[in-house]
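Colleague: Could you take me closely through the metal site of this model and the space around it? I would like one connected account that I can follow with the structure open.

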Amino acid sequence: MKISKQSENEFFGRFEENEELVAKLTEFLEQNNIHSGVFSIIGSVKASRIAFFDQKEKKYLEMPMDEPAELLHCTGNISLKDGKPFPHCHVVLGARDGSAYGGHLLGAKVFVAEVYIKKFDKPVERKFDESTGLELIEPKED
Ligand code: ZN
């Protein structure tokens, strides 16, 4: 990853070929103590693993996509899960024929990818929510 601080709380840069996108992003967040924020990524991936959350079963259904795709947009937020920075990533991918597909991003092998990260001042934590079966953000009141 080649990335630099562009202003007090903003980073801009790129992933390098063959990096694992979610793992590398998580590593960067940990190293820079980014405990809450948002990010936006565009580029191209060699393969990806996306998921659909089954609301009745309350579990993620994984869909490995072993094919190159345009990374049309990967967006998400950053919060603390079990005390560690956690990027919640969603993605829209573009196939060769121009069709789009996407989901909750579990991982992707990068061809090229450009990333923008905005860090917030206050940490936000995730807590397990019984009714949805998901770890939801719990912003604290001032
Ligand atoms: Zn999600």
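Modeller: In this predicted model, the zinc ion is held by three protein donor atoms, NE2 of H88, NE2 of H90 and ND1 of H104, which lie 2.0 to 2.1 Å from the ion. Along the sequence, these donor residues follow the spacing H-x1-H-x13-H. Of the donors, H90 is partly exposed, because its relative accessible area is 39%, a value that falls between the 20% and 50% limits.

The same histidines bring us to the largest pocket, which holds about 300 Å³ of space. Its lining is made of 16 residues, and those closest to the pocket centre are Y60, H88, H90, H104 and L134. Two or more lining residues come from each of the strands β3 (37–54), β6 (84–94), β7 (100–119) and β9 (134–138), and β9 gives the largest share, with four residues. By character, the lining divides into eight nonpolar, five polar and three charged residues.

A last point concerns T26, which sits in helix α1, residues 21–31. T26 counts as buried because its relative accessible area is 18%, which is under the 20% limit. Its side chain reaches the backbone oxygen of V22 at 2.7 Å, and, leaving aside neighbours within four places in sequence, T26 is in contact with P85 and P87.

Terms used:
Residues are numbered from 1 along each chain as its sequence is written. This is a predicted model: local features need pLDDT of at least 70, side-chain atom pairs count only at pLDDT 80 or more; totals for chains, interfaces and linings use all residues. Side-chain values use heavy atoms; hydrogens and water are left out. Donors are N, O and S atoms within 2.8 Å of the metal (3.2 Å for Na, K and Ca); water is not among the atoms, so sites may look incomplete. Buried means under 20% relative accessible area, exposed over 50%, partly exposed in between (1.4 Å probe, protein chains only). On a 1 Å grid over the protein atoms alone, a cavity is a set of points where a 1.4 Å probe fits but cannot get out, and a pocket is an open set with protein on both sides within 12 Å along at least five of seven lines; lining residues have an atom within 4 Å of a point. Grid points are joined across faces, edges and corners, and a volume is the space filled by probe spheres set on the points. Ala, Val, Leu, Ile, Met, Phe, Trp, Tyr, Cys and Pro count as nonpolar, Asp, Glu, Lys and Arg as charged, and the others, Gly among them, as polar. A polar contact is a pair of N or O atoms within 3.5 Å; within protein, one must be able to donate a hydrogen and the other to accept it, and residues adjacent in sequence count only if both atoms are side-chain atoms. Contact means heavy atoms within 4.5 Å.
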